[in-house]
Amino acid sequence: METLTTSQKMKTAQDFLPINGTDHVELYVGNAKQAAHFYKSAFGFKTVAYAGPETGMRDIASYVLQQGKIRLVLTTPLKSSNPISEHIFKHGDGVKILALWVDDAYKAYEDTVARGAKVYMEPKTLTDKNGEVRMSGIYTYGETVHLFVERKNYNGVFMPGYEPYTSDYNPEDTGLLYIDHCVGNVGWNRMNDTIKWYEDVMGFVNILSFDDKQINTEYSALMSKVMSNNNGYVKFPINEPAEGKKKSQIEEYLDFYEGEGVQHIAIATNDIVKTVRALKSRGVEFLSAPPNAYYEDMQARVGKIDEDIAPLQELGILVDCDEEGYLLQIFTKPVEDRPTLFFEIIQRKGAQSFGAGNFKALFESIEREQAKRGNL
Ligand code: FE2
């Protein structure tokens, strides 16, 4: 049988739900004002919009941060009676919404609900002087939500309810360009249902799979399958824990997030050395570098690459390849006290995969952190 490349597999996805990309990622956080400052100072985002009591939102404060094509929304409840408070009480700070940019939010809703999606938000149209935003939403794994956002008739900075926000504090960006993929962790035996959900409800296709034989260390194991839409603009890898000698990092996540949720957001850059240097200098903490042997064996494993190895080794940047090229990647430590959400910085040089060749080196690094927390 002819084997398809990862890019060719994407094209086999049904396109009943055309998606133009990620519209935004919304985190529910305990203190959005301070979280916004962290993402500005450490990651180089800019605050572009705000919603709160001053803009007519009585019970939340919400900041929209932007860098490149990435929009992060940080929302906090102002009273314990707001349901967002319960979400934060249970999960800690984390991703609530993976919003997808569509041409028709009403049709996206009708089609996905007809295919079995659980309703989060019925279609609605928000209007202000800048036009209208149409949106709807469905639940995916855990309490996580996909919003469908249609903004073709809107010229405002984000959406009705938000006002432009200007600040005297505008740190330089760190070269972050767009969201490459967002990874979800699901519970024991939940992989197949989740994959089927993305196939049946969203028309996505499974472009890559790794089982616990491929992804394991001496102590822990996991399974991972990558779901993509037809144009490849939206990719959701899904992880499930697997039995190992000790507790896997996925189990640790599920324990501390108290359920399924977004594990990491991967952000693309065109110059990973420059970006990682900038992030480190601003206090972003990355997982420790793999042992020197990793870099000594690298050329034999991935072939010749354009970059000098020394800065990659100095910063702990990992390299992997597939049949279409190679990629460079590195992972932050969790960005909150619970060992839950973290970020990946990725630079693709042709490769369409996710760094499976690095999983072992990566997990050993994560396990060193887990051991420090007493969770291994
Ligand atoms: Fe990733």
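Which residue in β3 is the bridge partner of Ala-49? Select Ala-49 and look across to the neighbouring strand: the partner is Val-64. Keep in mind as you click around that this is a predicted model.

**Stop 1: strands β2, β3 and β4**

Colour residues 46-51, which make up strand β2, and then residues 60-67, which make up β3. These two strands run antiparallel and are joined by five bridges. Now add β4, residues 70-77. β3 and β4 also run antiparallel, this time with eight bridges between them. To see one of those, select Ala-61 and find Thr-76, its bridge partner in β4.

Stay on β3 and show a surface around it. Seven of its eight residues are buried, so the strand is largely enclosed by the rest of the structure. Next, go to the hairpin that β3 and β4 form, where two residues sit between the strands. One to click on here is Gly-68, which takes a positive phi near 55 degrees.

**Stop 2: two loop residues with positive phi**

Jump to the loop between β10 (178-185) and α5 (191-200) and pick out Asn-189. This residue is not a glycine, yet its phi is positive, near 60 degrees. Is Asn-189 buried or exposed? Its relative accessibility is 66%, so Asn-189 counts as exposed.

Then move to Glu-258, in the loop between α6 (249-257) and β14 (261-268). Glu-258 is another non-glycine with a positive phi, about 55 degrees. With 42% relative accessibility, Glu-258 counts as partly exposed.

**Stop 3: the iron ion**

Which residues are the protein donors of the iron ion? Select His-181, His-264 and Glu-344 and show their side chains. The two histidines donate through NE2 and the glutamate through OE, at 2.0 to 2.2 Å from the iron. Along the sequence, the donor residues follow the spacing H-x82-H-x79-E. His-264 sits in strand β14 and Glu-344 in strand β17 (residues 342-349), so this pair ties together parts that are 80 residues apart in sequence. Both His-264 and Glu-344 are buried.

**Stop 4: the nonpolar cores**

Now for the greasy interior. The largest nonpolar core holds 91 residues, and Met-202 and Ile-265 have the most contacts inside it. Helix α2 (residues 32-43) gives this core its largest share, six residues. Domain 1 (19-164) and domain 2 (176-373) both contribute residues, so this core lies between them.

Centre the view on Met-202 and show what surrounds it. Leaving aside neighbours within four places in sequence, its contacts are Phe-16, Leu-17, Leu-100, Thr-112, Ile-138, His-146, Phe-148 and Trp-197. Apart from the largest core lies another, of 17 residues. Ala-49, from the opening question, is among its members, as are Ala-51, Met-121 and Phe-158.

**Stop 5: the two domains**

Finally, zoom out and give each domain its own colour: 19-164 for domain 1 and 176-373 for domain 2. Their C-alpha centres lie 25 Å apart. How many residues of each domain are in contact with the other? For domain 1 the count is 42, and for domain 2 it is 39. Turn the model until you can see where they meet: the two domains bury about 3100 Å² between them, with 65% of that on carbon and sulfur atoms.

Notes
Residues are numbered from 1 along each chain as its sequence is written. This is a predicted model: local features need pLDDT of at least 70, side-chain atom pairs count only at pLDDT 80 or more; totals for chains, interfaces and linings use all residues. Side-chain values use heavy atoms; hydrogens and water are left out. Buried means under 20% relative accessible area, exposed over 50%, partly exposed in between (1.4 Å probe, protein chains only). Helices (H or I, at least four residues) and strands (E, at least two) are DSSP runs, numbered from the N terminus. Two strands pair if DSSP finds at least two bridges between them. Donors are N, O and S atoms within 2.8 Å of the metal (3.2 Å for Na, K and Ca); water is not among the atoms, so sites may look incomplete. A nonpolar core is a set of buried Ala, Val, Leu, Ile, Met, Phe, Trp, Tyr and Cys residues joined through side-chain atoms within 4.5 Å. Domain bounds come from an automatic or database domain assignment. Contact means heavy atoms within 4.5 Å. Buried area is the accessible area (1.4 Å probe) that two parts lose on being put together, summed over both.
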